There are 2 protein chains.
Amino acid sequence: MDELEILHRVLPLLPQNHDTVVGPGDDCAIIKIGNEFQLLAVDQVVSGVHYVPGKTPAGVVAAKLLKRNLSDIAAMGGKPHCALLTLAGNIDNDQWYLDFFAGLAATAEQYEVAVSGGDLASLPPGCPPDCMVATLTITGKVAPEQICLRRNATVGDKIFVTGQFGDSFKSQHHLNFTPRLKEAGFLAGRFTRSMIDVSDGLLLDLGRIAAASKVGMELHCEDIPRRPGASIEQALGDGEDYELIMAVPEDAAENLQRQWPFSTLLTEVGTVVEEHPGLVFDRKGVNLSTTHKSGFKHLSIK
Amino acid sequence: MDELEILHRVLPLLPQNHDTVVGPGDDCAIIKIGNEFQLLAVDQVVSGVHYVPGKTPAGVVAAKLLKRNLSDIAAMGGKPHCALLTLAGNIDNDQWYLDFFAGLAATAEQYEVAVSGGDLASLPPGCPPDCMVATLTITGKVAPEQICLRRNATVGDKIFVTGQFGDSFKSQHHLNFTPRLKEAGFLAGRFTRSMIDVSDGLLLDLGRIAAASKVGMELHCEDIPRRPGASIEQALGDGEDYELIMAVPEDAAENLQRQWPFSTLLTEVGTVVEEHPGLVFDRKGVNLSTTHKSGFKHLSIK
């Protein structure tokens with residue numbers, strides 16, 4: 001049983017309550033609090049997996065952790081509100097912790113996020129030095145008319161993406177990216193009701209919209225904007241792009257391109273179709289996940 | 001610089017926003033969402049620290065993780081609402097993960113908590129097998145007139161505690177405890193506006209109320225109810241009791257004892273005084289933290 005199989009067994013077990021608007025399975029959950037719609041998500045950063053210990057500065061690690069979560073808030077069409085942090089570490093260096101919190105505080109301030117709590121602990125006995133696991137829980141707010149869900153893509157919609165793809169690690173984009181909150185605020189409700197952020201790879205995350213919406217995705221690989229030096233293969237599968245994929249109704253697509261007010265690239269890369277529900281394929285109908293590396297499969301109950 | 005010194009340097013850095021009613025530094029933060037007051041807290045459970053790998057069943061570990069957070073919600077006078085989980089593990093045993101989630105789901109259902117999201121990852125490379133770090137973020141709700149804060153204890157208040165203290169590990173109380181939500185719902189706003197839950201030891205956590213309220217605490221050690229076989233020393237310092245300490249105005253103390261409707265023990269163990277602000281001392285004025293083990297000092301930015 002692999003991690004995704006565990007996930008499929010586990011998800012239906014988790015209880016919900018009458019305030020659950022959207023449960024686990026999207027970029028954030030949505031919970032009704034009085035008249036407000038709250039977004040909730042959590043994510044982790046692990047040393048040696050998401051950054052290079054001894055090389056990536058502590059403050060940059062903390063900023064990445066927060067920005068990963070901000071990208072999830074953006075994909076729902078929301079705005080961030082509060083964050084809670086945990087850190088389990090074996091790092092014998094006071095300055096590392098001080099730098100980590102300084103980086104967190106500066107990034108939180110920049111995106112107007114309150115840091116509402118946290119907890120620090122040691123890693124389990126026997127773990128090597130300079131290791132750590134940090135988690136961040138984000139809360140956000142979303143206007144009901146701006147909620148964007150993976151399941152809302154409709155046949156005929158055009159698929160747009162922000163930014164460029166591929167080679168996120170070598171280019172350091174995985175550390176230096178800007179979460180697309182500004183762009184999402186413009187798009188959500190006005191031009192789209194269906195977005196996802198690309199953390200695990202364009203092909204895999206586009207497939208998640210396809211699966212949730214029970215539609216097929218015809219992807220025009222040659223149109224995908226790539227980071228300098230990145231191959232189509234890398235653009236499809238590398239992951240950690242932290243860009244947005246969105247489904248835009250056909251009659252809004254032209255207006256969107258005309259009215260787009262940002263310097264961030266916005267590119268049409270495909271169409272939502274009826275055939276092959278749950279799959280991403282090319283113009284010839286070839287299932288791309290059988291011919292291309294399909295990204296990182298994280299076990300996530302988001 | 002020890003962990004508490006890092007904490008004192010870090011806390012003032014963390015940005016808040018205009019919805020922050022109570023920031024980090026109590027059992028939970030309180031955030032205004034529309035007309036509602038939301039409680040937020042996060043806590044960790046680490047293998048080899050909070051449970052014995054290969055011995056404590058996975059479902060019991062998950063239940064402990066959730067119940068630790070429920071105890072924080074109780075101490076604020078609130079009710080739990082939603083939870084988000086992370087697990088970073090090196091456990092090569094599918095059944096362990098399934099049991100963990102089954103235990104989490106059952107406990108969440110029992111306390112009417114929705115599990116709104118989560119994330120799973122591996123521990124950093126090089127960590128030994130059968131290790132894990134799990135975190136749980138809890139959200140809750142509290143009525144404004146029931147909010148209980150560490151800083152609200154007043155000179156003349158009587159100090160009460162629920163339950164018994166000491167020897168939490170050997171007795172397995174640290175796994176089998178019941179968070180005092182029911183009792184807190186009865187107490188909060190009616191008999192107290194100042195509570196804390198005892199996770200790090202009675203002496204240390206009572207000292208936290210003293211420090212936050214800028215008052216002294218005269219503690220009658222011989223009155224503290226102890227678990228069978230526990231010494232006064234253990235009752236003061238062992239920790240993981242997950243009981244409530246509360247400050248009750250003198251004129252309400254008698255009514256409280258008369259009206260107490262639960263089988264859970266409720267015991268008066270001391271008085272809030274003007275002398276020695278921030279300290280806990282005995283009838284003779286001896287500072288107990290200089291003569292007794294003062295509990296576990298976790299680094300927590302709650």
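**View 1. Phe37(A) sits in strand β3 of chain A, which spans residues 36-46.** Helices (H or I, at least four residues) and strands (E, at least two) are DSSP runs, numbered from the N terminus. The model is predicted: local features need pLDDT of at least 70, side-chain atom pairs count only at pLDDT 80 or more, and totals for chains, interfaces and linings use all residues. Residues are numbered from 1 along each chain as its sequence is written, chains are lettered from A and ligands numbered from 1 in the order in which they are written, and side-chain values use heavy atoms, with hydrogens and water left out. Phe37(A) counts as buried because its relative accessibility is 13%. Buried means under 20% relative accessible area, exposed over 50%, and partly exposed in between (1.4 Å probe, protein chains only). Beyond four places in sequence, the contacts of Phe37(A) include Val21(A), Ile30(A), Ile31(A), Val142(A), Pro144(A) and Ile147(A). Contact means heavy atoms within 4.5 Å. Ser213(A) is 176 residues apart from Phe37(A) along the chain, and their C-alpha atoms are separated by 22 Å.

**View 2. Val133(A) belongs to strand β6 of chain A, residues 132-141.** Its relative accessibility is 1%, so Val133(A) counts as buried. Which residues of chain B does Val133(A) contact? They are Ala88(B), Leu123(B) and Pro124(B). In chain A, leaving aside neighbours within four places in sequence, its contacts include Gln44(A), Val45(A), Val46(A), Leu87(A) and Leu123(A). The C-alpha atoms of Val133(A) and Gly185(A) are separated by 31 Å, with their positions 52 residues apart along the chain.

**View 3. Phe160(A) and Thr162(A) both lie in strand β7 of chain A.** The strand covers residues 158-162. Phe160(A) is buried because its relative accessible area is 0%. Thr162(A) is buried too, because its relative accessible area is 0%. Setting aside neighbours within four places in sequence, Phe160(A) contacts Leu244(A), Ile245(A), Met246(A) and Val248(A), among others. Its contacts also include Leu256(A), Leu266(A) and Glu268(A). Thr271(A) is 111 residues apart from Phe160(A) along the chain, yet their C-alpha atoms are separated by 8.9 Å.

**View 4. The side chain of Thr162(A) makes a polar contact with the side chain of Glu243(A) at 2.6 Å.** A polar contact is a pair of N or O atoms within 3.5 Å; within protein, one must be able to donate a hydrogen and the other to accept it, and residues adjacent in sequence count only if both atoms are side-chain atoms. A polar atom of the Thr162(A) side chain also lies 2.9 Å from the backbone nitrogen of Leu244(A). Beyond four places in sequence, Thr162(A) touches further residues, including Arg180(A), Trp260(A) and Thr264(A).

**View 5. Asp241(A) lies in the loop between α7 (232-237) and β10 (244-248) of chain A.** Is Asp241(A) buried or exposed? Its relative accessibility is 0%, so Asp241(A) counts as buried. Its side chain reaches the backbone nitrogen of Gly166(A) at 3.1 Å. The side chains of Asp241(A) and Arg227(A) are joined by a polar contact of 3.3 Å. Beyond four places in sequence, Asp241(A) also touches Phe165(A), Ser168(A), His173(A) and Val198(A), among others.

**View 6. Asp167(B) and Lys214(B) have positive phi values, although neither is a glycine.** Most residues other than glycine have a negative phi. For Asp167(B), phi is near 60 degrees. This residue lies in the loop between β7 (158-162) and α4 (173-176) of chain B. Asp167(B) is buried because its relative accessible area is 12%. For Lys214(B), phi is about 55 degrees. Lys214(B) lies in the loop between α6 (202-213) and β9 (216-219) of chain B. Its relative accessibility is 67%, so Lys214(B) counts as exposed.

**View 7. Residues 297-302 of chain A have pLDDT under 50.** pLDDT is the predictor's confidence in each residue, from 0 to 100. For this stretch, the model has 33 contacts beyond four places in sequence. The mean pLDDT of chain A is 94, and 96% of its residues reach 70 or more. The model scores ipTM 0.94 and pTM 0.95.
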